[in-house]
Amino acid sequence: MKSVLIAVLIHSLLVHGLPRPKRLVKRAANLNPGFNLEAFRQDQLDLHNHYRQLHGVSLMTKDDTMTQEAQDYAEYLAEKNLFQHCGRGESCNPGGAGENLAYAGGHMSVETNATLRWYEEVYDYNYCTWPQGRATTRPGREGKMVGHFTQIVWTTSVRLGIGYARNFDRTKVYVVARYSPPGNFIGQYDNNVPKASYLLDTFQDNCNGIYGGLTAWSEPGPCTKPCGKGVRFETRSCTNPKPSFNGRDCSGETKRLYPYWCNSQTCTTEVNERNEQCRQRGYLPQANNFRGSNECNLHCRQSLENTLYIARGQVDDGTLCKDKSGACINGACILLQNEPESPATTKPPATTTKPPATTTPPQTTQSIPMTTEMDKTPTAAPPTTSFLTPSDSSLPPTTQPGPKETTTKATTAPPATTKATTTKTVTQTPSVTSGGYSEWSQPGPCSKPCGGGIRFRTRTCLTPGGGCIGPSRELYKIWCNPQPCSPRKQERNMQCEARGHLPEAHNFGGADECNLYCRSTQSGQRLFYYRGSVDDGTHCNKDTGACMDNVCVPMSFEPGMEIEGEYKEVPTGSYWNDVIVTIPNGAKNVQIIHNGLSTFAGMEF
């Protein structure tokens with residue numbers, strides 16, 4: 001949900017040996033009308049036990065004392081507008097319990113399924129290595145948090161307390177979970193965080209460092225509508241091969257939009273799809289399309305007493321937009337067209353040739369159709385009925401260059417012999433390298449026409465059954481097309497706009513270097529909301545690296561490459577606007593030419 005800021009704090013904090021305090025201040029939970037706190041606690045307990053069953057550990061029970069302590073602390077956080085663990089030496093956690101925190105904010109109807117969000121860290125957790133006895137992440141998931149997940153399934157933690165509170169205007173939610181005995185002890189992860197069997201649908205059950213590889217794209221799937229313009233998707237899975245528990249996930253989308261409409265004939269009975277989506281989400285079945293940047297957001301009428309329409313998240317994928325010329329996919333309006341009709345094919349007339357008279361019957365050749373089955377197994381998700389996975393962004397179709405025209409000269413010279421000419425066809429088998437792969441290809445096309453793009457090298461798995469070891473694609477760590485763009489492009493701003501947000505991004509650096517933060521649409525507020533990972537190839541670390549799979553990978557320039565920059569505009573006072581060209585470390589023959597007495601050049605290292 002775009003209007004919701006979700007935050008989850010790092011792993012459980014332990015406090016031991018503190019006296020149990022008396023509650024001196026009367027606070028309030030500030031619940032929304034009709035909210036059932038006990039039902040929420042029971043739901044969170046049931047979900048904890050659902051996940052614990054998957055990992056084969058004993059179930060939890062509700063602890064009344066810890067529930068009250070968790071409730072007190074949730075109300076304290078809501079009143080003080082804080083989001084921090086109860087620290088050591090404080091009286092807010094007298095029993096020394098383990099602790100998970102969750103927060104959601106944005107408007108009065110915002111909620112958070114805290115347990116689900118904590119458990120989603122299961123795909124980031126590394127089951128193979130524990131440096132200095134600590135939990136760590138899989139390759140490509142660096143900087144992610146895993147301590148919430150490990151505390152949920154920690155074998156010896158069998159008692160649970162849940163607290164829930166809202167702030168004074170009920171626009172923020174705080175959830176506190178307390179665990180006893182506490183988990184997340186250094187040196188004990190191997191014995192207390194067992195694997196769930198369903199994970200083997202996604203990972204190989206080994207620690208061989210195998211990187212995942214993608215299958216080929218499937219044929220377009222079923223149409224989303226029986227009439228009135230539907231859409232279809234092509235899919236592929238990270239099973240060629242599957243990554244190991246300490247391997248890197250596949251790089252690239254696993255679902256993309258097929259760029260043509262399906263079932264575009266008019267429906268007999270017109271259905272307002274936005275009204276229907278409001279009804280399905282529990283609101284009045286009256287929607288309003290505000291268009292523009294809100295074209296793919298769902299706004300439902302608040303009540304019959306007023307005409308106020310409240311944002312209820314993104315519309316469903318495939319919802320029509322831009323006067324029915326496009327479809328909303330992942331919150332962005334994508335223009336589609338009718339699928340071109342296949343050209344008519346004229347079959348030659350059937351010709352029957354009577355066989356010559358012979359004592360040997362003519363041979364009959366039977367054509368046997370060959371069926372090729374494509375692996376369409378999707379990446380497994382945690383078994384749960386309360387979570388909807390948003391669709392992946394669509395990718396435009398790739399256009400390949402056509403075959404080159406070849407001219408063959410004919411000769412009129414008579415053959416030197418009356419013997420039939422025999423032609424031998426030799427098929428060259430690609431060489432197999434380590435891991436069962438072919439040789440790496442040359443770097444592919446550049447991702448940008450200017451400003452420093454990236455390229456990839458690929459290789460093919462030649463092992464029958466697809467059991468190759470290692471990745472099938474790798475980043476070529478040399479910039480391509482490094483000449484600066486004119487005018488300079490703010491790629492993060494462009495990504496915000498492409499995802500349906502305000503075209504104003506902020507790079508917080510550090511662990512968030514490869515995360516995209518876009519400015520809030522609320523007037524007058526300079527709040528930047530997390531909008532997922534930046535696109536692969538986005539520059540990071542002051543243009544010295546490129547983001548790949550949410551990791552900033554160092555890049556370099558081709559030796560001997562010449563890079564030129566020309567300065568034509570008055571300085572703006574902004575560092576990013578005044579950069580003409582980045583001079584790489586080790587560059588030689590750097591020339592700065594002054595065209596006037598009023599100009600100067602500055603260099604920063």
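**Entry 1: Cys-446 and its partner**

I looked up Cys-446 in this predicted model and found that Cys-446 is partly exposed, with a relative accessible area of 25%. That value fits the label because partly exposed runs between the 20% and 50% cut-offs. Cys-446 forms a disulfide with Cys-480, and their sulfur atoms are 2.0 Å apart. The link is right-handed, with 85° about the S-S bond. Cys-446 sits in the loop between S12 and strand S13 (453–458), while Cys-480 belongs to strand S14 (residues 473–480), so the disulfide ties together parts 34 residues apart in sequence. Is Cys-480 buried or exposed? I found Cys-480 buried, at 5% relative accessible area.

**Entry 2: two other disulfides**

How many disulfides does a search of the whole structure find? My search gave 13, and I picked two others to look at.

I noted that Cys-321 and Cys-333 are joined with an S to S distance of 2.0 Å. Their S-S torsion is about 95°, so this disulfide is right-handed. The pair links distant parts of the chain, with Cys-321 in strand S10 and Cys-333 in strand S12 (residues 332–335), twelve residues apart. Cys-321 is buried, with a relative accessible area of 1%.

Next I checked Cys-86 and Cys-92, whose sulfur atoms lie 1.7 Å apart in a disulfide. The torsion here is about 100°, so I wrote down right-handed again. Cys-86 counts as buried at 1% relative accessibility. Cys-92 has 19%, and I still wrote buried, because the word covers anything under 20%.

**Entry 3: a small sheet**

I then followed three strands that form an open, antiparallel sheet in the order S17-S18-S19. Strands S17 (539–540) and S19 (551–554) are at the edges with a single partner strand each, so one side of each has no neighbour in the sheet. S18 (residues 545–548) pairs with S19 over four bridges. One bridge I looked up takes Gly-545 to Pro-554 in S19.

**Entry 4: spaces inside**

I searched the whole structure for cavities of 30 Å³ or more and got one. The largest cavity holds about 60 Å³ of space. Helix H1 (37–54) and strand S4 (159–166) each give two or more residues to its lining. Among the lining residues I listed Arg-41, Lys-62 and Ile-162.

The second largest pocket holds about 570 Å³. Of its 24 lining residues, Glu-270, Val-271, Glu-273, Leu-320 and Lys-324 lie nearest the centre. Which element gives the most to this lining? I found H6, with three residues. I sorted the lining into seven nonpolar, seven polar and ten charged residues.

Notes: Residues numbered from 1 in each chain as written. Predicted model: local features only at pLDDT ≥ 70, side-chain atom pairs only at ≥ 80, totals over all residues. Heavy atoms only, no water. 1 Å grid on protein atoms, 1.4 Å probe; cavity = no way out; pocket = protein on both sides within 12 Å on 5 of 7 lines; lining within 4 Å. Points joined across faces, edges and corners; volume = space filled by probe spheres on them. Nonpolar A, V, L, I, M, F, W, Y, C, P; charged D, E, K, R; others polar. Pairing = 2+ DSSP bridges. Disulfide = S-S within 2.5 Å. Buried < 20%, exposed > 50% of the residue type's maximum accessible area, 1.4 Å probe, protein only.
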